[in-house]
Amino acid sequence: MKTLTVSVVTPDGPILEDSFEMVSCKAESGELGILPGHIPLVAPLSISAVRLKRENNIERLAVNGGFMEVRPDKVTILAQSAEKPTDIDIQRAEAAKARAEQRLQSKQDNVDFLRAELALQRAINRLKVAK
C-alpha cells in the first residue's frame, strides 16, 4: 500500500515523522482526508484531532490550530501545539476545561470570552484524544 510521509512540527520542535496510509483532520473549511497522490494544498487547521491511519491502526494527535501543507507524497502540519495521547496530562486538561467553563459562565466585564472559548475547545480536544 502506498504511504505518505507525515511530519508534525511545533515551535518547540518536531512531534512526529512517520509514514501513514491516510491523514484525516479538520480544517477551517471542513473535514479533510488525504491519501497518497493528493493534489498540493495548504489549509488552516481548526482545534481538533488529527487521525493517522496505518494498516488497521489509527493514531490520534491533539492539534491546536496551525496549517497543513499537502504534497503528493508528504503532509506537513505546522501547529501551534500538538500532543500525542501519551503526552497529555488528563488532570491538567480537566482543570483547564473547568477554568474555561467557569470564565464563560461568569458575568464579569473583564473576561475575554473568545480566549476562554478557545481554551475550552483546546481542553476538550485534549481530553477526547487522551481517552
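Start with the whole chain in view and follow it from the N terminus, where the elements run β-β-β-β-β-β-β-β-α-α, helices being DSSP runs of H or I with at least four residues and strands runs of E with at least two, each numbered from the N terminus. In total the chain holds two helices and eight strands. What you see is a predicted model, in which local features need pLDDT of at least 70 and side-chain atom pairs count only at pLDDT 80 or more, while totals for chains, interfaces and linings use all residues. Residues are numbered from 1 along each chain as its sequence is written, and side-chain values use heavy atoms, with hydrogens and water left out.

**The whole chain**

Turn the C-alpha trace slowly, and you will find that along its principal axes the trace spans about 55 × 25 × 25 Å. If you display the surface, its accessible part comes to about 8000 Å², of which 50% belongs to carbon and sulfur atoms; such areas come from the Shrake-Rupley method with a 1.4 Å probe, and for residues only the protein chains shown count as cover. Of the 131 residues in the chain, 38% are buried, a word that stands for under 20% relative accessible area, whereas exposed stands for over 50% and partly exposed for the range in between (1.4 Å probe, protein chains only).

Contacts, meaning heavy atoms within 4.5 Å, also tell you how the chain folds back on itself: among those with a separation of 6 or more, 51% join residues 24 or more positions apart.

**Select residues 4-82**

Here UniProt, in an unreviewed entry, places the feature "domain: ATP synthase F1 complex delta/epsilon subunit N-terminal"; the positions are in the numbering used here, the feature names are shortened, and annotations may be inferred rather than shown by experiment. Over this stretch the chain is 0% helix and 77% strand, and the C-alpha atoms at the two ends are 19 Å apart.

**Select the nonpolar core**

Next, show the side chains of Val 23, Met 68, Val 75 and Ile 77, which touch the most other members of the 22-residue largest nonpolar core. Such a core is a set of buried Ala, Val, Leu, Ile, Met, Phe, Trp, Tyr and Cys residues joined through side-chain atoms within 4.5 Å. Two or more residues of this core come from each of β1 (4-10), β2 (13-20), β3 (22-27), β4 (30-34), β5 (41-54), β6 (57-71) and β7 (74-78). In soluble globular proteins, nonpolar side chains tend to be buried together.

Now centre the view on Val 75, and leave out residues up to four places away in sequence: the residues that Val 75 touches are Leu 4, Thr 5, Val 6, Ser 7, Val 23, Ile 34, Met 68, Glu 69 and Val 70.

**Select Val 8 and Thr 10 in strand β1**

Val 8 is found in strand β1 and is buried, with a relative accessible area of 1%. Beyond its neighbours within four places in sequence, Val 8 is in contact with Pro 14, Ile 15, Leu 16, Leu 61, Ile 77 and Ala 82. Add Ser 81 to the selection as well, since the C-alpha atoms of Val 8 and Ser 81 are separated by 9.5 Å although these residues are 73 apart along the chain.

Thr 10 also has its place in strand β1, and with a relative accessible area of 9% Thr 10 is buried. Setting aside neighbours within four places in sequence, the contacts of Thr 10 are Ile 15, Ala 79, Gln 80, Ser 81 and Ala 82.

**Select Glu 55**

Move to the loop between β5 and β6, where you will find Glu 55. Glu 55 has a positive phi of about 55° although it is not a glycine, and at 56% relative accessibility Glu 55 counts as exposed.

**Select the two helices**

In helix α1 (residues 90-105), pick out Arg 103, which is partly exposed, with a relative accessible area of 41%. From Arg 103 to Arg 115 there are twelve residues in sequence and 9.6 Å in space, C-alpha to C-alpha. Gln 105 lies in helix α1 too, and Gln 105 is exposed, with a relative accessible area of 61%.

End the tour in helix α2 (residues 113-130) at Lys 128, which counts as exposed at 63% relative accessibility. Select Arg 60 together with Lys 128: their C-alpha atoms are separated by 9.7 Å, while the two residues are 68 apart along the chain.
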